[in-house]
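Colleague: Please put the model up, sequence and all. I have questions about it.

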Amino acid sequence: MASIKEKILDLYHKMVGETASPEYIARGWAIGMFWGCFCPFGLQLIFSIPTSFLLKGSKIGATVGTFFTNHFSIFIIYPVQCYVGSLILGNGLTYSVIKEAMKDVLREQSYESLMSAGTDLIASFFVGGTLLTMIMTPLTYFIVKYLVVRYRKRKEA
């Protein structure tokens, strides 16, 4: 089984190995990150791929970029996202209440369990997700573009 370092290097080589322009590649990854942060788990690819066609971004990046939220990371990201959203909205949800409510959602991974969590939690999820999206999307774009440009300059030298 490949180590985490090997998997990261493989992902890096897939990203920088695309033959398109750095902007095209970075745009795709940013699109994937956008939907990965903003949209509930399971719907991300449904929005990410069409958006990559509309905005002319890498389809590979749009797909892989959504994996920021995955079966392992959502147990950390979603409760924190909801807590931050709750703070912004001022609806008074505590981290422990959010974590308990999210247990059912994360265990069942169904939209019924998400909807039964209540409107305060759902609103907090989207507000927190919007903030996370506003941070991670441009960050992803500029980091990926930098990595692709740097890789190509090194390859030429």
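Colleague: Which residues lie nearest the centre of the largest pocket?

Modeller: This is a predicted model, so local features need pLDDT of at least 70 and side-chain atom pairs pLDDT 80 or more, while totals for chains, interfaces and linings use all residues. Residues are numbered from 1 along each chain as its sequence is written, and side-chain values use heavy atoms, with hydrogens and water left out. A pocket is an open set of points on a 1 Å grid over the protein atoms alone, where a 1.4 Å probe fits, with protein on both sides within 12 Å along at least five of seven lines; lining residues have an atom within 4 Å of a point. The largest pocket has 19 lining residues, and those nearest its centre are Ile8, Leu11, Trp29, Val64 and Phe68.

Colleague: What is the volume of the largest pocket?

Modeller: Grid points are joined across faces, edges and corners, and the volume is the space filled by probe spheres set on them. For the largest pocket, that comes to about 630 Å³.

Colleague: Which helix gives the largest share of the lining of the largest pocket?

Modeller: A helix here is a DSSP run of H or I with at least four residues, and a strand is a run of E with at least two; both are numbered from the N terminus. Helix 1 (4-17), helix 2 (22-38) and helix 8 (119-156) each supply at least two residues of this lining. The largest share is six residues, and they come from helix 8.

Colleague: How many residues in the lining of the largest pocket are charged?

Modeller: Asp, Glu, Lys and Arg count as charged; Ala, Val, Leu, Ile, Met, Phe, Trp, Tyr, Cys and Pro are nonpolar, and the others, Gly among them, are polar. This lining has 15 nonpolar and three polar residues. The charged count is one.

Colleague: Which elements give two or more residues to the lining of the second largest pocket?

Modeller: The second largest pocket holds about 150 Å³. It is lined by 12 residues, with Pro40, Phe41, Tyr78, Val105 and Gln109 closest to its centre. Elements giving two or more residues are helix 5 (74-89), helix 6 (95-108) and helix 7 (111-115).

Colleague: How many residues in the lining of the second largest pocket are charged?

Modeller: Nine residues of this lining are nonpolar and three are polar. The number of charged residues is zero.

Colleague: What is the pattern of the protein along the sequence?

Modeller: The secondary structure comes to eight helices and zero strands. Read along the sequence, the pattern is α-α-α-α-α-α-α-α.

Colleague: How far apart are the end C-alpha atoms of helix 8?

Modeller: The expected span is 1.5 Å times one less than the number of residues. Helix 8 has 38 residues, so it should span 56 Å. The model agrees, with its end C-alpha atoms apart by 54 Å.

Colleague: Where does helix 8 bend?

Modeller: The bend at a residue is the angle between axes fitted to the seven residues ending there and the seven starting there. For helix 8 that angle is about 25°, at Thr133.

Colleague: Which residue meets Lys145 in a salt bridge?

Modeller: A salt bridge puts a side-chain nitrogen of Lys or Arg within 4 Å of a carboxyl oxygen of Asp or Glu, and the whole structure has two. The N to O distance for Lys145 is 3.5 Å, and its partner is Glu23. Lys145 lies in helix 8 and its partner in helix 2, so the bridge ties together parts 122 residues apart in sequence. The partner, partly exposed (between 20% and 50% relative accessible area; buried is under 20%, exposed over 50%; 1.4 Å probe, protein chains only) at 31%, is Glu23.

Colleague: Which residue forms a salt bridge with Lys14?

Modeller: The closest N and O atoms are 3.6 Å apart. The two residues are four apart in helix 1, so about one helical turn separates them. The partner is partly exposed, with a relative accessible area of 42%. It is Asp10.

Colleague: Is Ala62 buried or exposed?

Modeller: Ala62 lies in helix 4 (residues 59-64). Ala30 is 32 residues away in sequence, and 7.1 Å away in space, C-alpha to C-alpha. With a relative accessible area of 0%, Ala62 is buried.

Colleague: What is the phi of Lys56?

Modeller: Lys56 sits in the loop between helix 3 (44-54) and helix 4. It is exposed, at 57% relative accessible area. Most residues other than glycine have a negative phi. Lys56 is not a glycine, yet its phi is positive, at about 55°.
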